[in-house]
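Trainee: I should be grateful for a close look at a single part of this structure, with its surroundings described as far as they can be.

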Amino acid sequence: MAKNKKTRADFRKNRNVRVRKTNLTRDFDSEKFEEDSTVRSERISGKGELTRRRTIMTSQTDESEDSGDHLAVDETQCRRGRVLSVHGLHSRVQDEEGKIYGCITRRILKTLSTDQRHVVAAGDRVWFRANDDTEQEGCIERVEPRYGVISRAVRGRQHILVTNVDQLVIVASAAEPRIKPNLIDRMLVASEKGRVRPIVCINKIDLVSPAELEPLIGVYGQMGYDSMLVSAQTGFGIDSLRKLLRNRETVVAGQSGVGKSSLLNAADPALALRVQTVSRENEKGRHTTTASNLIPLTGGGYVVDTPGIRQFQLWDVIPEELGGFFRDLRPYVNYCQFPDCTHTHEENCAVKNAVADGQLDERRYESYLKLREGEFE
Ligand code: GDP
Ligand code: ZN
């Protein structure tokens with residue numbers, strides 16, 4: 001099985017040679033979200049310095065690797081499970097029959113892990129050994145290779161929020177609160193960075209005439225993003241949403257009040273009970289934490305309730321990377337006169353020319369400018 005190999009590589013800085021971002025963007029062009037089998041993600045750490053050091057995650061088939069995910073375990077003694085949440089050294093793991101165990105982690109896994117802050121993260125597929133004496137406890141023996149990792153940098157180290165994410169449902173509301181395309185764009189950037197498939201989901205369409213949303217949806221459609229119009233109130237589009245969530249791990253994100261909980265409850269009424277155990281008053285406090293929590297769905301699959309992701313304050317995309325994460329700008333960035341063009345004020349900027357020619361959506365370009373400035377609605 002292919003697995004992720006993380007390599008820490010030092011790149012010698014050479015001030016005389018200009019580092020062209022075009023190589024980076026070309027990689028992005030040729031990659032698709034889930035089918036991608038070679039380069040998983042390339043993170044550039046160190047703000048503003050593009051050359052020094054990068055952490056590269058690649059899929060590899062080499063057996064002699066050190067992350068411990070191929071650690072021999074006695075599979076007859078172990079069960080497969082999914083990590084629902086991690087609290088310090090303890091994890092909640094659900095087995096294939098749906099039973100939940102409190103697990104510790106085998107010491108060797110911690111020893112083998114050199115580059116990761118978290119040996120075990122929410123979303124991980126694991127092999128664990130159930131404790132003989134107590135039914136509900138166990139020990140994680142092995143962590144399977146990860147994909148769809150959503151992380152953030154904490155003091156230069158990767159902090160994994162959730163793993164094995166199949167898709168990101170970006171929820172916005174047509175009204176109350178009014179739609180904020182800039183916020184959608186920001187989440188799209190995050191999905192590009194995390195290489196997780198995004199779906200733009202516009203709720204509360206009962207409050208507007210759907211035709212009003214067509215121009216916006218049309219632009220996203222042209223870029224190849226899927227979108228859906230729904231209403232938790234009338235039930236419109238809920239069947240499609242339910243189908244979309246089934247047997248997948250989905251991160252649901254969007255501003256507070258857009259109807260994320262209402263939509264999930266509509267898609268899976270059994271969830272209502274569980275979701276409502278978390279009261280509204282608690283929610284403020286929960287926003288300060290970033291701990292992820294996988295919520296099992298009745299029809300199979302999980303939704304991820306991650307306050308930190310929901311708020312989207314964590315995406316440490318550096319300005320130099322941003323153009324590469326705008327799908328529509330990306331094809332133009334190679335054609336600017338200056339390799340380090342910021343597409344803001346430069347002469348002979350292919351991006352600005354494309355906007356002037358009407359080939360690029362002006363609103364998307366403005367969104368790019370705002371995100372570059374670190375401005376969010
Ligand atoms: P969340 O903060 O994103 O989880 O949003 P909630 O699910 O708590 O919903 C916020 C408010 O929007 C509630 O008062 C809901 O009743 C309302 N709401 C949710 N979905 C719809 C919808 O489709 N149409 C209308 N008109 N109101 C909705
Ligand atoms: Zn440019």
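Mentor: The following account begins with the barrel and its strand E4, and then turns to the nonpolar cores and the zinc site. The model is a predicted one, and what is said here describes that prediction.

The barrel is closed by 5 strands in the order E4-E5-E6-E8-E7, with mixed pairing. From one strand to the next, the twist averages 50 degrees. Strands of a sheet pair through backbone hydrogen bonds, in either a parallel or an antiparallel sense.

Strand E4 serves well for a close view. Strand E4 covers residues 79-87 and pairs with strand E7, residues 125-130, in the antiparallel sense over 4 bridges. Two positions along this pairing can be located in the display: Arg-80 stands opposite Trp-127 of E7, and Arg-82 has Arg-125 as its bridge partner in E7. E4 is also joined to strand E5, residues 90-95, by 6 bridges, and these two strands run antiparallel. Here Val-86 has Ser-91 of E5 as its bridge partner. The hairpin formed by E4 and E5 has 2 residues between the strands, and Gly-88 in this hairpin adopts a positive phi near 60 degrees.

Next come the nonpolar cores. The largest contains 33 residues, of which Val-162, Ile-184, Ile-202, Leu-213 and Tyr-220 touch the most other members. At least two residues of this core are supplied by each of several elements, including strand E10 (157-162), helix H3 (181-194), strand E12 (197-203) and helix H4 (214-222). Ile-184 illustrates the packing: leaving aside residues up to four places away in sequence, Ile-184 touches Ile-170, Ala-172, Ile-179, Val-200 and Tyr-220. Apart from the largest core lies another, of 19 residues, among them Ala-267, Leu-271, Ile-295 and Val-303.

The zinc ion (ligand 2) completes the survey. Its donors are the SG atoms of Cys-336, Cys-341 and Cys-349 together with ND1 of His-343, at 2.1 to 2.4 Å. Along the chain these donors follow the spacing C-x4-C-x1-H-x5-C. The arrangement is tetrahedral because the 4 donor atoms subtend angles of 101 to 114 degrees around the zinc ion (ligand 2). For comparison, the ideal angle for four tetrahedral donors at a metal is 109.5 degrees. Two of the coordinating residues can also be described by their accessibility: Cys-336 is buried, with a relative accessible area of 6%, and His-343 counts as buried at 4% relative accessibility.

Notes. Residues numbered from 1 in each chain as written. Chains lettered and ligands numbered in written order. Predicted model: local features only at pLDDT ≥ 70, side-chain atom pairs only at ≥ 80, totals over all residues. Heavy atoms only, no water. Donors = N, O, S within 2.8 Å, 3.2 Å for Na, K, Ca; no water. Tetrahedral: all angles 85-135°; square planar, octahedral: opposite > 155°, others 65-115°. Buried < 20%, exposed > 50% of the residue type's maximum accessible area, 1.4 Å probe, protein only. Pairing = 2+ DSSP bridges. Axes fitted to C-alpha atoms, helices over the stretch in contact; angles between N-to-C directions. Core = buried A, V, L, I, M, F, W, Y, C linked by side-chain atoms within 4.5 Å. Contact = heavy atoms within 4.5 Å.
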